[in-house]
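Please open the model in your viewer and keep the selection panel at hand. The stops below can be followed in order.

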Amino acid sequence: MLILGMESSCDETAAAVVDSGLVISSVIRSQTEFHLKYGGVVPEIASRAHLEAVDSVVKEAIAQSGLELQKIEAIAVTQGPGLVGALLVALSYAKGLSIASNIKVVGVNHVQAHALSPFLSFSDFRAPDPDFPLVALVVSGGHTSLFLVKSETEFKTIGQTVDDAAGEAFDKCAKLMGLGYPGGPAIDKMARGGDAKAFNITRPMWRKGLNFSFSGLKTRVHDIYHQNSMDNLPDDAQALKDLAASLQEAIVDVLADKLYQAASFYEVKSVVLAGGVAANSRLRQVVIDRLASSGLNVLISDPAWCTDNAAMIAYLGGFQIAKNIGILDLNAEPKPRWPVDQ
Ligand code: KG4
Ligand code: ZN
């Protein structure tokens, strides 16, 4: 089934054409440059940038697919969770396109879509079929959650952060260390030459259930940074690399351990790692080393589908249409807070 996916929940305007799980085209226009100087996403700027980009992004995705719009059988759009003004842009555009072209629209949960992104096929890569039930860890700038996934459309939250998301911790600590925004990729790069044992950073909520807490890491990183007068150091100083590596290892340890604990508790054979932070090179390596060696089938999104994209939205939309779940009418509204369990 040919589906046009659309995404505008945060700071990426994206559209994609997906045919029964195979990505035919994908366009992602990032707004990072507009938010850079503020050190984070500014909702007002995000909405405006989505408005300016949405039409050309959708047209580009359709053009790249080599297909006529008339061939598209349905539109899948992110309905939530996310920034309300940002969500409204793709949702309104999808409704307009639906009226103009008589194509039905399905509203997709962005976080559920992240969890299914390892099952996207693209170019020469043919993804395996999901082996349900599975446990998924979705870890991004806005979310850090563990799900028990019974089918493409049945999710149960089994753990989540009680404060900051892991991506938020990377971003805030990177800002404290003067590494700019977004912080995750900067810490990942910086940590490569660092000693992860150089600084002692306590693993938050270690072995205490399946919830996470990352807000305390900021204070610890702030203290280490200032106690060691790191603000006077050159950008490539060893101490900065060591701090980046120590922080990254603490976050990675907690994420990998809780994913393993959840898989053991729920006795699943497969685990998924997805979301923006799943692009982290150390996290990918540790999850593969520790979990795959324990006999689990480990599925990690390709880096191309870790950050926000519309291909994952189209993929999930296809299953919803088959099951008649979430078909939208013109009164449909964005759902800025939308737990996956509903
Ligand atoms: O999924 P995403 O694009 O947007 C949200 O839905 O939040 O995730 C963005 C988050 C940011 O916090 C960013 O710093 C983090 O993913 N991120 C990384 C890496 N690449 C992106 N964190 C750690 N290491 C990376 N390589
Ligand atoms: Zn996301």
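Which side chain makes a polar contact with the side chain of Asp188? The model in front of you is a predicted one, and selecting Asp188 together with Ser281 gives the answer, since the two side chains are in polar contact at 2.6 Å. Asp188 sits in helix 6, and with a relative accessibility of 7% this residue counts as buried.

**Ligand 1**

Keep Asp188 displayed and add ligand 1, because Asp188 is among the closest of the 19 residues that surround this ligand, together with Gly141, Asp171, Gly184 and Asn280. Then show the backbone atoms of three glycines. At Gly141, a backbone N or O atom is 2.9 Å from an oxygen atom of ligand 1; at Gly184, a polar backbone atom lies 3.0 Å from an oxygen atom of the ligand; and at Gly167 the corresponding distance between a polar backbone atom and a ligand oxygen is 3.2 Å. If you compute surfaces, note that ligand 1 taken alone exposes 560 Å², of which the protein buries 89%.

**The zinc ion**

Select ligand 2 next, the zinc ion, and display His110, His114 and Asp308, which coordinate the ion through NE2, NE2 and OD respectively, at 2.1 to 2.2 Å. There are 4 donor atoms, and the angles among them run from 92 to 143 degrees. Why is the site classed as irregular? Four donors count as tetrahedral if all angles lie between 85 and 135 degrees, and the upper end of the range here, 143 degrees, falls outside that window, while a square planar site would need opposite donors over 155 degrees apart; the site is therefore irregular.

Along the chain, the donors follow the spacing H-x3-H-x193-D. Colour by residue number to see how distant parts of the chain are linked here: His110 belongs to helix 4 (residues 110–116), whereas Asp308 is in the loop between strand 11 (297–300) and helix 10 (311–323), 198 residues apart. His110 is buried at 4% relative accessibility, and Asp308 is also buried, with a relative accessible area of 10%.

**Salt bridges**

The structure holds 11 salt bridges, and a network is a useful place to begin: select Asp164, Glu168, Lys172 and Lys218, which salt bridges link together. Within this network, Lys218 pairs with Asp164 at 2.8 Å between the closest N and O atoms. Lys218 lies in helix 7 (residues 216–227) and Asp164 in the loop between strand 9 (154–160) and helix 5 (166–176), so this pair ties together parts that are 54 residues apart in sequence. Asp164 also forms a salt bridge with Lys172, where the closest N and O atoms are 3.5 Å apart.

Are the members of these two pairs buried or exposed? Asp164 is buried, with a relative accessible area of 8%, whereas Lys172 at 31% and Lys218 at 24% both count as partly exposed.

For another salt bridge, move to helix 2 (residues 43–65), where Glu44 and Arg48 lie 4 residues apart, about one turn of the helix. Their closest N and O atoms are 3.5 Å apart, and Glu44 and Arg48 are both exposed.

**Backbone details**

Switch to a backbone view and select Gly80 and Pro81, which are joined by a cis peptide bond with omega of about -15 degrees; Pro81 lies in the loop between strand 4 (74–80) and helix 3 (84–101). A cis peptide bond also joins Tyr181 and Pro182, with omega of about -5 degrees, and Pro182 is in the loop between helix 5 and helix 6.

Then check the phi angles of two residues. Asn102, in the loop between helix 3 and strand 5 (104–109), has a phi near 60 degrees, a positive value in a residue other than glycine, and is exposed at 73% relative accessibility. Ser123, in the loop between strand 6 (121–122) and strand 7 (134–139), has a positive phi of about 45 degrees although it is not a glycine, and Ser123 is exposed as well, with a relative accessible area of 59%.

**Last stop**

Finally, select Arg203 in the loop between helix 6 (183–191) and helix 7, where its relative accessibility of 22% counts as partly exposed. A distance drawn from the C-alpha of Arg203 to that of Asn232 gives 28 Å for a separation of 29 residues in sequence.

Notes
Residues are numbered from 1 along each chain as its sequence is written. Chains are lettered from A and ligands numbered from 1 in the order in which they are written. This is a predicted model: local features need pLDDT of at least 70, side-chain atom pairs count only at pLDDT 80 or more; totals for chains, interfaces and linings use all residues. Side-chain values use heavy atoms; hydrogens and water are left out. Donors are N, O and S atoms within 2.8 Å of the metal (3.2 Å for Na, K and Ca); water is not among the atoms, so sites may look incomplete. Four donors count as tetrahedral if all angles lie between 85 and 135 degrees; four count as square planar and six as octahedral if opposite donors are over 155 degrees apart and all others between 65 and 115; anything else is irregular. Buried means under 20% relative accessible area, exposed over 50%, partly exposed in between (1.4 Å probe, protein chains only). A residue is near a molecule or strand if one of its heavy atoms lies within 4 Å of it. A polar contact is a pair of N or O atoms within 3.5 Å; within protein, one must be able to donate a hydrogen and the other to accept it, and residues adjacent in sequence count only if both atoms are side-chain atoms. Accessible areas come from the Shrake-Rupley method with a 1.4 Å probe; for residues, only the protein chains shown count as cover. A salt bridge is a side-chain nitrogen of Lys or Arg within 4 Å of a carboxyl oxygen of Asp or Glu.
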